[in-house]
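Visitor: Could you pick a single part of this model and walk me through it slowly? I'm in my first year, so please start small and then link it up with what lies around it.

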Number of protein chains: 2
Amino acid sequence: MKLSKKNLDQRLNHVYDAVIVGGGAAGLSAAIYLARYRLSCLVIEKGRGRSFWMQELRNYLGLHPTTPGRDLLQQGEQYIQELGADHLRGFVEDVVDEGDSFAIKVKVGKADSIYPVFRAKYVIAASGIIDHLPQLADMQNVYDYAGYNLHVCLICDGYEIRDGRCGLFVGSEGAINTAFVLNWFTPYITVLTNGTVQVGEAMRQKLQEHGYPLIETPIARLLGHDHTMTGVQFADGSTIELDTGLVAMGSHYYNDYLKGLPLSWDGENLVTDEMCRTSHPRIFALGDLKRGLNQVSIAVADGTLAATAIWRDIRRASPPRRWEENLALVEAPATVRTP
Amino acid sequence: MKLSKKNLDQRLNHVYDAVIVGGGAAGLSAAIYLARYRLSCLVIEKGRGRSFWMQELRNYLGLHPTTPGRDLLQQGEQYIQELGADHLRGFVEDVVDEGDSFAIKVKVGKADSIYPVFRAKYVIAASGIIDHLPQLADMQNVYDYAGYNLHVCLICDGYEIRDGRCGLFVGSEGAINTAFVLNWFTPYITVLTNGTVQVGEAMRQKLQEHGYPLIETPIARLLGHDHTMTGVQFADGSTIELDTGLVAMGSHYYNDYLKGLPLSWDGENLVTDEMCRTSHPRIFALGDLKRGLNQVSIAVADGTLAATAIWRDIRRASPPRRWEENLALVEAPATVRTP
């Protein structure tokens, strides 16, 4: 069921089997499996996550390579509701472990916000990341190209970058090392710091040895049309032509709500076992939040794993369902012999 | 490119980066990623694997739940060829480790077979399993329902079985324990041995305590129409009505070609690391062949992992691509400062 300010009251006395924080690929896959395991779950989605911005999902088996990420999300949101799962647009602010269950505090509504608290036996953290983008005076100028030919994921989109003149947008010296992986796909790399990075001599030397220009002038704007970036104009008025770009500026992790819980971290990523279980036995972490590859296929599999682990826990702790009418039988009907 | 008897000669002198044994969900996903990493690969598919038989793929995010498995395979086969991967219909008979590469012997063609040998740096074992089915006099009678409402995977299809009168088809006493997981979805379970199983007293007692009838009479035929099984007729002429069925008779593993290699096994499953690498550093095992859940989503993620690990290996062993024309520059052009 679609929950909103108007109807969410009826779920406040319910203890869900699982609340899923994040309705991207990982969270929706977890909800499909949980619902099909006949477990109750609520997906809480803040909106506009990483997969929402993908213009073409080119490496997920079964979907035509021009399928946008939002189509995947739309199909999933509709399907989980057909299966009986709940879906709420909101932002999870806090998760408190109350022993047998968790209290999940959610902000619903940007204006006149309300702050309902839901309860669940398990929490699935699938809230993902969002890529940092170059900070220009006109951010719409960046959004016009990000996810089109201004890429944010080398593994996803290296193939599209192949042999093109590629601008590598960085926000730290360490990120410049991306050039030495990107060069598998193209050697025509220009590193762009937007005037924000101190670059040491060793790195300058390495770039020079590879023939990759480093431009440290602040960027005035991206050039292009119809979602195709064709170059960059700098603050000094100079320009370069590009065929494509890769942003390697790190990511923001949506994991603040987990920071009060005793979990095992590897930097900003959660450490999990092979079923995506964190160091807390009733908290799972999926997709980009956990260690590993940030790929839709991985996120979808993570949803499968976490839901299955939760189902096994709950099933094993539940009494078996007996075929009551047969228990009283002394003799089986003619066509059925009892054991 | 589609390979066949007529054109495969031109690939016999090529050393592929990877040969993928099996063109199901795992193998096709691996091929998508490998091709997009600009690596050469050949998918060898014997045809009619487990996912080919799936009538409805109800738990894979992004596809409508009535999508048949063969649609997934068809999309993947077409896409990998667009990406430049090769695809061959054939049966892998043997894999020999020749040190730097493998020799992969394939049987091509059921009549007038030929036995070409392909070479690859890496082998990806994605040849999967196929479920054993009840052996009846008329096997077409079984095929009419298998994959429709006669299911073979409890995790995939428990939801469809829910609260129905379910025949559990077993071929061993151990498999009867499936009843005590299946009862999460329905308690109306009748265990059918088709007269092939010795059932001990402890198991009879346990079934009786749960109220699940055990029928040991040989099965004459499945009843039903239009791919909907409605019951079973036994050799003695008696019948029972059913709404659905679950076959729990184990699987045949397509892994004979790996048996001569020094790999680590867990029963019939290959032991792999978190990137699906086996104990041999250049052999990967995906999907149903390796330990873990037998799900399309897992197979697709496995393809992602193995392809990425192979790409990393090959990339790290390759010289970097330099931007040659910039290496000779003394001064950068006006708009580009060299480092």
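**Starting from one asparagine**

Guide: Let's begin with N141(A), which sits in helix α4 of chain A, a helix that runs over residues 139–143. One thing to keep in mind as we go is that this is a predicted model. Is N141(A) buried or exposed? Its relative accessibility is 9%, so N141(A) counts as buried. Setting aside residues up to four places away in sequence, N141(A) touches L136(A), R221(A) and L222(A). With L222(A) we can be more exact: a polar atom of the N141(A) side chain lies 2.8 Å from the backbone nitrogen of L222(A).

Now zoom out to the chain around that asparagine. Chain A has 339 residues, and 58% of them count as buried, so N141(A) belongs to that buried share, given its 9%. The secondary structure of chain A comes to 9 helices and 20 strands. Its C-alpha atoms fill a box of roughly 90 × 50 × 35 Å along the principal axes. If you take contacts in chain A between residues at least 6 apart in sequence, 58% of them join residues at least 24 apart.

R50(A) gives you a concrete case of sequence and space telling separate stories. R50(A) is found in helix α2 of chain A. Along the sequence, R50(A) and G128(A) are 78 residues apart, yet their C-alpha atoms are 7.6 Å apart in space. Leave aside the neighbours within four places, and R50(A) is in contact with I129(A), I130(A), D131(A), V152(A), C153(A), D288(A) and N294(A). D131(A) deserves a second look, as its side chain makes a polar contact of 2.8 Å with the side chain of R50(A). You might expect an arginine to stick out, but R50(A) has a relative accessible area of 16%, so it is buried.

Just before that helix, in the loop between β3 (41–45) and α2 (50–53) of chain A, you'll find R48(A). What is unusual about its backbone? R48(A) has a positive phi of about 55 degrees although it is not a glycine. Most residues other than glycine have a negative phi. R48(A) has 52% relative accessibility, so this arginine counts as exposed. Chain A holds another residue of this kind: D163(A), also not a glycine, has a positive phi near 60 degrees. D163(A) lies in the loop between α5 (154–161) and β10 (166–170) of chain A, and with a relative accessible area of 38% it is partly exposed.

Chain A also has a partner. Here 78 residues of chain A are in contact with 77 residues of chain B. The two chains bury about 7,300 Å² between them, and 61% of that is on carbon and sulfur atoms. There are 6 salt bridges between chain A and chain B; one of them joins the side chains of R36(A) and E160(B), at 2.6 Å from N to O. The interface also has 36 residue pairs in polar contact. Which element gives the most on chain A's side? Helix α8 (residues 296–316) of chain A does, with 11 residues. Sorted by type, chain A's side of the interface has 41 nonpolar, 23 polar and 14 charged residues.

Let's finish across the interface, in chain B. Its helix α2 covers residues 69–82, and at 1.5 Å a residue those 14 residues should span 20 Å; the end C-alpha atoms are 20 Å apart, so the two agree. Buried residues in α2(B) include L72(B), L73(B), Y79(B) and I80(B), and among the elements covering the buried residues are α1 (25–36) and α7 (296–316) of chain B. After α2(B) comes G84(B), with a positive phi near 100 degrees.

Chain B also has a buried side chain to set beside our asparagine. H280(B) lies in the loop between β19 (269–270) and β20 (283–285) of chain B, and it is buried, with a relative accessible area of 9%. Its side chain makes a polar contact of 2.8 Å with that of D97(B), while the backbone nitrogen of R282(B) lies 3.0 Å from a polar atom of the H280(B) side chain.

Methods:
Residues are numbered from 1 along each chain as its sequence is written. Chains are lettered from A and ligands numbered from 1 in the order in which they are written. This is a predicted model: local features need pLDDT of at least 70, side-chain atom pairs count only at pLDDT 80 or more; totals for chains, interfaces and linings use all residues. Side-chain values use heavy atoms; hydrogens and water are left out. Contact means heavy atoms within 4.5 Å. Buried area is the accessible area (1.4 Å probe) that two parts lose on being put together, summed over both. A salt bridge is a side-chain nitrogen of Lys or Arg within 4 Å of a carboxyl oxygen of Asp or Glu. A polar contact is a pair of N or O atoms within 3.5 Å; within protein, one must be able to donate a hydrogen and the other to accept it, and residues adjacent in sequence count only if both atoms are side-chain atoms. Helices (H or I, at least four residues) and strands (E, at least two) are DSSP runs, numbered from the N terminus. Ala, Val, Leu, Ile, Met, Phe, Trp, Tyr, Cys and Pro count as nonpolar, Asp, Glu, Lys and Arg as charged, and the others, Gly among them, as polar. The expected span of a helix is 1.5 Å times one less than its number of residues. Buried means under 20% relative accessible area, exposed over 50%, partly exposed in between (1.4 Å probe, protein chains only).
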